[in-house]
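Student: Could you take me through one part of this model up close? I would like to see how a pair of packed helices meets, and then what lies around it.

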Amino acid sequence: MKDADYAYAVARIRANERYLLSKADVERLVTAKTLSEAEGVLKERGWNFDGEKGEIENALENEQKKLWSLLCESVSDRKQLDVLCVQNDFFNLKAALKCMITGKDAKDFFAFPTSLDLETLVSAFRDHDFEALPPFMRETAKTAYETACRTENGQSADIIIDKAALKLFLKLSKKSGCALLEEGAKYICTCADIKIAFRSAKAQKGLAFIENALSGESDLDEKLLAKNAAKGVPELLGYLEKTAYAKEGALISKSLAAFEKGTDDAVTEMMKKAKYVFFGFEPVAAFYYAKTAELKTVRVVLFAKQAGIDEETIRERVRTLYV
């Protein structure tokens, strides 16, 4: 599509940006004395808590559905949105595989939005019929399944699926013609590899394991990343300190939670460039990531209120907002 073809989509997105939570809204959530008071703030902003999963999950699911309906109604071709589903699609692949092995109901673990027919996904593993899956996923599903059965090692299957997800995410981001989305995808892939390297270093994994686990889509020199991770956490952090990802290294040395919040915030800041784009896919992608960050923040705050966690701790976990 030409950039001008997105005029309607951008107009819809701009009109709906005013419904995103503001800093003042989040401050009211954080300072609410009770969970009920926090939920009241969201109800004032149009959130719906009705459903079958419990009030918090209902509200989050309802907002996710509203987001996806808006995006699907705004673009002329639903396939344009597939790039935004990739990570959930492959997460759902892992969920279906693990639940087949453990006997649990995969429906309880699926992530949305997704481009997959989830019943087909479940039956593909049950019937060993991977040809029923979309072409982009068939070989990954088959290989992951065979690996899990052969090795009885879920970690090996996870590596196969995670690598395929990151590679396809970056590929579709490039294909989209949206420079901002490609920039964000490259950053997300790099941060995913940093997390893999850090966890591997903590677990004292060998070089061969780490090289196999990394996506191959990083901004970093993956040979150096793997080599230093194999030496240990201090060596890995020392390497990252000398790169453009020194900040991310400092965050992950603090905690994985700090790292995930920091990287989410970096993506949000990146996506804010779309505010100055009037034609193209950029505002659509940015709105998706903005709402996703908002949903993460609401999830954190509401469950923290439910657990009686103090305001200071909650503030440390709140994501940067788009508006």
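**A helix pair and its surroundings**

Tutor: Happy to! Keep in mind that this is a predicted model. Let's start with helix 5 and helix 6 (residues 118–127), whose axes come within 9 Å and cross at roughly 45°. An angle from 35 up to 65 degrees is neither roughly parallel nor roughly perpendicular, and helix 5 and helix 6 are therefore oblique to each other. As for the hand, the crossing of helix 5 with helix 6 is right-handed.

Now for the side of each helix that takes part. Helix 5 brings Asn92, Leu93, Ala96, Leu97 and Met100 to the contact, and helix 6 answers with Leu118, Leu121 and Phe125. Sorted by class, this contact has seven nonpolar residues, one polar residue and no charged ones. The numbering in these lists is worth a second look: an α-helix has 3.6 residues a turn, so residues three or four places apart point the same way.

Helix 5 (82–102) also takes us to another neighbour, since the buried residues of helix 4 pack against it, and against helix 1 (7–17), helix 3 (35–44) and helix 15 (282–307) as well. Helix 4 covers residues 55–74, which makes 20 residues. From first C-alpha to last it reaches 29 Å, close to the 28 Å expected at 1.5 Å a residue. Its buried residues include Ile56, Leu60, Leu67, Trp68, Leu70 and Leu71, and also Asn58, Asn62, Glu63 and Gln64.

For a look elsewhere in the chain, turn to helix 14 (residues 256–271), where Asp265 sits. With a relative accessibility of 11%, Asp265 counts as buried, the cut-off being under 20%. Beyond its neighbours within four places in sequence, Asp265 is in contact with Arg319 and Thr320.

Val267 is also in helix 14, and at 8% relative accessible area Val267 is buried. Its C-alpha lies 9.5 Å from that of Thr320, although 53 residues separate the two along the chain. Leaving out residues up to four places away in sequence, Val267 touches Tyr187, Ile188 and Tyr289.

That brings us to helix 9, which runs over residues 179–202. Helix 9 has 24 residues and reaches 35 Å from its first C-alpha to its last, close to the expected 34 Å. Just after helix 9, have a look at Gln204, which takes a positive phi of about 60°.

Note on methods. Residues are numbered from 1 along each chain as its sequence is written. This is a predicted model: local features need pLDDT of at least 70, side-chain atom pairs count only at pLDDT 80 or more; totals for chains, interfaces and linings use all residues. Side-chain values use heavy atoms; hydrogens and water are left out. Helices (H or I, at least four residues) and strands (E, at least two) are DSSP runs, numbered from the N terminus. The expected span of a helix is 1.5 Å times one less than its number of residues. Buried means under 20% relative accessible area, exposed over 50%, partly exposed in between (1.4 Å probe, protein chains only). Contact means heavy atoms within 4.5 Å. Axes are lines fitted to C-alpha atoms, for helices over the stretch in contact, and angles run from 0 to 180 degrees between N-to-C directions. Angles under 35 degrees count as roughly parallel, over 145 as roughly antiparallel, 65 to 115 as roughly perpendicular and the rest as oblique. A crossing is left-handed if the near helix is turned anticlockwise from the far one by less than a right angle, and right-handed if clockwise. Ala, Val, Leu, Ile, Met, Phe, Trp, Tyr, Cys and Pro count as nonpolar, Asp, Glu, Lys and Arg as charged, and the others, Gly among them, as polar.
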